[in-house]
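Here are a few notes to read with the structure open beside you. Take the points one at a time and find each place on the screen as you go.

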Amino acid sequence: MSTITNICCIGAGYVGGPTMAVIAQKCPHIKVNVVDVNPERIAAWNDVNLENLPIYEPGLAEMVGESRGRNLFFSTQIEQAINNAQIIFISVNTPTKTYGKGKGMAADLKFVELCARQIASTSSENKIVVEKSTLPVRTAQAIKNILDNTGTGVKYQVLSNPEFLAEGTAIQDLLEPDRVLIGGEENPEGKNAIEALASIYANWVPREKILQTNVWSSELSKLTANAFLAQRVSSINSISALCEKTGANIDEVAKAIGMDKRIGDKFLKASVGFGGSCFQKDILNLVYICRSLNLQHVADYWEQVKTINDYQKQRFADNIIQTLYNTVSGKKIALLGWAFKKDTNDTRETPAMYVAKELIDDQAEIHVYDPKVTKQQIINDLEYLGVDTQKNLHIHSSPYTASEKAHAVAILTEWDEFKSLKWEQIYSEMLKPAFIFDGRSILDMQKIKQIGFKVYCIGKEPMF
Ligand code: UDX
Ligand code: ADP
């Protein structure tokens, strides 16, 4: 394989966009084309005002600003980009199937398959195809089967190169990854392809952090990493329920266990539940694969991670209803935060939408404030859950108007700005008794209580 000077990425989303922006910045000698079927998304990536990029991610706008038009290009010209590229990254969405066999469990690979077919019908020279989206084990083989049966004589190497970035810290994660994982065929052609991709990352990642494995180990490692991380969140969340009943404090417990080096202190923050595009999807995917292979005990084990997460969201909403005298009908409840975590505008599987649905189902009036999520996105999320958004939903551009005359405030995303809100002012403008439900455990309970609030913090005994 000659030196890599031209790559393309199909899919300009939360993974493709930031990943390619970092490659473009670190490799000015490589022309990076990011293509997508969605013209509005591409127009947003090309917007002269960098604040209008389609995704919010700290440090991303600066990075795009530096390379865009130099060696980083966003377009809808998919075929042209494929043709010119030596390496093609597939970075399209792989949601959970909503129909047919595997509905609600398996990953929907239709977008990936469409990409493979488009690459097959477009390419006139040998290519390296890299799967970047999280995919079930053995998807690379399926992609290869499609590519190898075109009869054009073009040769393909398919690599698995899963992305481990977390939203909100994507740029940092890409600049200093814990590791880069590349899976490929165990033959000379496969090794050459792996080396071609590794040589791109080697522009800024130390060689010892670039792991080379077989394709299936790479695919399974990604699913397993996400399953382990989600499992930690569900583990601490399960203990949070116990803390609330016993007077133990989940933050103290997390600190105490996290100081044990064998356990470690990361991913032990109790919350209203995990969200995001990956955890639930990947757990379901893992469970589905295990069931398909008749590994029922393994499937049951991992399924519990999702069950506890659903329980956590549900019990948070139930607790609000119960505390507000068993009904929130006609009551104003302010929801602070909608994104699935801070520092992103992504709302996929956000716990906020499930909590909001429960409350609206009990006829509450919901008033939402999030610093980065658009009004339309909040409406889309609730409509996706079948909620009528015409009546009981109000979106605010200030946390103060959202909470004015509210019966209760619920914190659903841990945005830093919520820690330093003028809580005295919020208290004075709320109905009394004024309740706070802190689903992210970010507030100092004692201080909030002293202001006059009745306060519930996830994983701590309530102060009502
Ligand atoms: C995750 C993985 O971390 C990343 O490696 C993978 O590439 C994609 O999936 P992401 O979903 O972007 O990344 O965010 P992450 O930081 O993992 O958080 C996921 C969810 O878990 C969020 O809703 C977050 O609020 C929640 N969480 C995380 C907790 O509730 N407590 C924690 O201690 C950590
Ligand atoms: P992720 O978080 O995995 O990056 P996103 O949904 O943010 O997922 O981004 C995936 C992108 O892939 C979307 O912008 C979507 O329009 C794009 N996409 C899906 N299928 C195709 C396709 N066949 N060709 C080009 N782009 C596609």
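1. A word on naming before we start: helices and strands here are DSSP runs, numbered from the N terminus, with at least four residues for a helix (H or I) and at least two for a strand (E). With that in hand, you can find Arg138 in the loop that runs between strand S5 (127-131) and helix H6 (139-148). Please also keep in mind that this is a predicted model.

2. Stay with Arg138 for a moment. Its phi is positive, about 85°, although Arg138 is not a glycine. Is Arg138 buried or exposed? A residue is partly exposed when its count of C-beta neighbours falls between the limits for exposed (12 or fewer) and buried (20 or more). Arg138 has 13 such neighbours inside 10 Å, so it counts as partly exposed.

3. Phe267 is another residue other than glycine with a positive phi, near 60°. Look for Phe267 in the loop between helix H10 (250-258) and helix H11 (279-292). Because Phe267 has 16 C-beta neighbours inside 10 Å, it counts as partly exposed.

4. Now step back to the whole chain. The domain assignment gives domain 1 (6-205) and domain 2 (247-464). Their C-alpha centres lie 33 Å apart. Where the two meet, 16 residues of domain 1 and 16 residues of domain 2 take part in the contact. On the domain 1 side, these are ten nonpolar, four polar and two charged residues.

5. The largest nonpolar core holds 136 residues, and Ile88, Ile333 and Leu335 have the most contacts inside it. Where does this core lie? Both domain 1 (6-205) and domain 2 (247-464) give residues to it, so the core lies between them. To explore it, try Ile333: leaving aside neighbours within four places in sequence, its contacts include Ile320, Val328, Leu359 and His407.

6. Next, the ligands. Ligand 1 is surrounded by 19 residues, the closest being Lys269, Ser271, Phe274, Gly276 and Cys278. Domain 1 (6-205) and domain 2 (247-464) each supply at least three residues of this shell, while its largest share, three residues, comes from helix H9 (residues 215-246). Sorted by class, the shell has eleven nonpolar, four polar and four charged residues.

7. Around ligand 2 there are 20 residues, with Gly11, Gly13, Tyr14, Val15 and Asn93 the closest. Helix H5 (residues 110-122) gives the most to this shell, three residues. The shell is made up of ten nonpolar, eight polar and two charged residues.

8. Helix H14 (residues 375-384) is a good one to turn end-on. Its buried residues are Ile378, Asp381 and Leu382. Seen down the axis, the buried residues of H14 fall within an arc of 90°, so they line one face of the helix. They pack against helix H13 (351-361), strand S10 (365-369) and strand S11 (393-396). On the other side of H14, the exposed residues are Gln376, Glu383 and Tyr384.

9. Try the same view on helix H3 (residues 60-67), where Met63, Val64 and Ser67 are buried. Down the axis of H3, the buried residues fall within an arc of 95°, so they too line one face. Their cover includes helix H1 (16-26), strand S3 (72-75) and helix H7 (170-175). Just after H3 comes Gly69, with a positive phi of about 85°.

10. Finally, look for the cis peptide bond between Lys432 and Pro433, with omega about -5°. Pro433 sits in the loop between helix H16 (423-429) and strand S13 (435-438).

Notes
Residues numbered from 1 in each chain as written. Chains lettered and ligands numbered in written order. Predicted model: local features only at pLDDT ≥ 70, side-chain atom pairs only at ≥ 80, totals over all residues. Near = placed C-beta within 6 Å. Nonpolar A, V, L, I, M, F, W, Y, C, P; charged D, E, K, R; others polar. Domains from an automatic or database assignment. Contact = placed C-beta atoms within 7 Å. Core = buried A, V, L, I, M, F, W, Y, C linked by C-beta atoms within 7 Å. Arc of directions from axis to C-beta.
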